[in-house]
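Trainee: Got a minute to go through this one with me? I'd like to start with the ligand site.
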Amino acid sequence: MKILVGVKRVIDFNVRVQVKSDGSGVVKDGVKMSMNPFDEIAVEEALRIKEAGNAEEVIVATIGPKACQEQLRTALAMGADRAIHVQTDEEVQPLTGARIFKALADKEQPKIILLGKQAIDDDNNQTAQMLGALSHWPQATFASEVKIEGETATVIREVDAGLETLSVDLPAVISVDLRLNEPRYVKLPDIMKAKRKPLETMSIEDLGVEHVAEVKVLKTVAPAKRQAGIKVDSVAELVTALKEKGLI
Amino acid sequence: MSKVLVIAEHDGTNLNGSTARAVSCASDLGLDAIDVVVLAADGSAVAEQAAKISGVTNVLLVQNPANENAVAAFLAPQIEALAADYSHVLAPSTTFGKDLMPRVAAHLGRPQISDIMRVESSHVFDRPVYAGNAIATVEAPEGLVIGTVRTASYKAAANEGSASVETRSVEVTLPTHTRFVELASGGGGDRPDLQAASKVVSGGRGVGSEENFKHIYSLADKLGAGVGASRAAVDAGFIPNDHQVGQTGKIIAPDLYMAFGISGAIQHLAGIKDAGTIVAINKDADAPIFEVADYGLVADLFEVIEELEKAL
Ligand SMILES: Cc1cc2nc3c(=O)[nH]c(=O)nc-3n(C[C@H](O)[C@H](O)[C@H](O)COP(=O)(O)OP(=O)(O)OC[C@H]3O[C@@H](n4cnc5c(N)ncnc54)[C@H](O)[C@@H]3O)c2cc1C
Ligand SMILES: Cc1cc2nc3c(=O)[nH]c(=O)nc-3n(C[C@H](O)[C@H](O)[C@H](O)COP(=O)(O)OP(=O)(O)OC[C@H]3O[C@@H](n4cnc5c(N)ncnc54)[C@H](O)[C@@H]3O)c2cc1C
């Protein structure tokens, strides 16, 4: 059984994102880039499923420019077996991304596709669900626990009301939440080893995926800033202030 | 005629407050009609509640035993069958809507606009990106618009409507590949729902333990407030996941938000940007939470809670 995992290159979660003054987007030059934190968790989960004897191969895939290979190498160093780079310099939106993953799934025939619940740059939270729809596969989103038994997966999902458990037949798409696991640290020898692991490059056209009608970003601006308030010196002062505002 | 269809969120008995907020967003579109669809096993009580939301034209009630629990793979094909009559289909951007709507959109070959926070025109919307550190104005392509509504950006529509309720049968074959097993609720007890609460008391890693969280609960109960938490507090097992506030938890907009022992990471702040008044109690004067707090108090949180309880 194969597992396919999505790995997206995004601005590191520690960076304070700056919006460009001309409204054309955010500053990306010279900014630290990393693997989407949710995708690290997805890679880790795939490796654990394999280590438990429930899968033979973990394939990681990314869609994006040449530089994304850096994140593929990180995933290979974590322990993935091989990587696929769908190379494009254009912005890929979730519907196109899902179509690309569908084409990869048709080619590779994985039993499980693990994606992050959301990419922390665009925060769309769409790709896994769209892929589920296009493949007519079950979806189990926002997973905080995944159990594989034969041809089914039992998934605990973090939802607004608490924890929901779904049982789905494989093949299935699973999107992972933050509490699923803690990704392993990559050791230096693994980084060396990862350099020799197979990394295949292809284009969106090679996969026969056409661009669909997309969302146009007209402008990007900085959000309205909250006014910094005041420091109070005592609980009494705080209580007075809140009472004046009618809040307590 | 352009009409918008809003997907109701409910638990079989009660309509979730996020639905009336999504209806507010739908009103801003200024279209000819707003319909709400209730997909349920037995949904007449929920449909009656939806009919009271001001601005709603018709409530469609689609009953099917498969709708007992909100499983996206079952709900999506039914919504797709209804979508043909509409120019827009919206759902709240809660875990319910986030799970469901992209599945609907992809089947229909449409992109989705996630987390709509402002309607500029029928196809142009503002939405937050980068944990709310940037706001993008995006234009959906011509034709059907599928979107989720950032509920913290909208006040709930009033409760003075009298829409008609119409039972609809939707003939679609549902998949057999997914089974609902159970829902274990986090156990917020009788406290107000975090996303609807007008006051929220929140605790972070600084609270120190599950045991210590009783101080947070006790203050919340005194104030009639909901209880929130940072990711660090949830990860450490101090409190269940459904209390997490932030980029990957709940986005909330209470009138009063009180943060105890929370440092104010960007991912946490993403969840409270729309709060009316933010109060922060932290023993570190340099904690970033003070940059957004209306009232900051540098002090030990346990001492402050004790004094507050006495003062209230
Ligand atoms: C300011 C701005 C606003 C935008 N607004 C919209 C909008 O409203 N609607 C819209 O459709 N698009 C929008 N886009 C398009 C956007 O370019 C995203 O690149 C694209 O939507 C992917 O979204 P996401 O990564 O947030 O997807 P998500 O669905 O959040 O990603 C979830 C998971 O899918 C996988 N994945 C996604 N992309 C890749 C990839 N390239 N390689 C490998 N794995 C991947 C990863 O596992 C990831 O964790 C916007 C772009 C910008 C710059
Ligand atoms: C992809 C991603 C998504 C994330 N999503 C979220 C999210 O949705 N929500 C979220 O909250 N976080 C999220 N995080 C985590 C976030 O980055 C922070 O790690 C987290 O918010 C920190 O929680 P905290 O403030 O409770 O803990 P800390 O940062 O450890 O802060 C604890 C604070 O308590 C104070 N303190 C300690 N003892 C006392 C005392 N006795 N009295 C007063 N003050 C005291 C300390 O001074 C300190 O400021 C996310 C991170 C990533 C990478």
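Trainee: Which helices and strands each supply at least two residues of the shell around ligand 1?
Mentor: Keep in mind that the model is predicted. Chain A brings β4 (57-64), α3 (94-108), β6 (112-116) and β12 (216-221), while chain B adds β7 (124-129) and β8 (134-139).
Trainee: And where does the largest share come from?
Mentor: From β4(A), with 3 residues.
Trainee: Why is the site shared between chains?
Mentor: Because ligand 1 has residues from both A and B around it.
Trainee: Which residues come nearest to ligand 1?
Mentor: There are 31 residues around ligand 1, and the nearest are Lys8(A), Asp39(A), Ile63(A), Pro94(A) and Thr127(A).
Trainee: How far is the polar side-chain atom of Lys8(A) from an oxygen atom of ligand 1?
Mentor: 2.5 Å for Lys8(A). Asp39(A) also has a polar side-chain atom 2.6 Å from a ligand 1 oxygen, and for Thr127(A) that distance is 2.7 Å.
Trainee: How much of ligand 1 does the protein bury?
Mentor: 95% of the 940 Å² that ligand 1 exposes when taken alone.
Trainee: What's the shell around ligand 1 like by class?
Mentor: It has 13 nonpolar residues, 12 polar and 6 charged.
Trainee: Switching to cysteines: how many disulfides over all chains?
Mentor: The count is 0.
Trainee: OK, then is Cys68(A) buried or exposed?
Mentor: Buried, because its relative accessibility is 3% and the cut-off is under 20%. Cys25(B) is at 1%, so that one counts as buried too.

Notes: Residues numbered from 1 in each chain as written. Chains lettered and ligands numbered in written order. Predicted model: local features only at pLDDT ≥ 70, side-chain atom pairs only at ≥ 80, totals over all residues. Heavy atoms only, no water. Disulfide = S-S within 2.5 Å. Buried < 20%, exposed > 50% of the residue type's maximum accessible area, 1.4 Å probe, protein only. Near = heavy atom within 4 Å. Polar contact = N/O pair within 3.5 Å; in protein donor to acceptor, adjacent residues only side chain to side chain. Areas by Shrake-Rupley, 256 points an atom, 1.4 Å probe, with all protein chains shown as cover. Helix = DSSP H or I, 4+ residues; strand = E, 2+ residues; numbered from the N terminus. Nonpolar A, V, L, I, M, F, W, Y, C, P; charged D, E, K, R; others polar.
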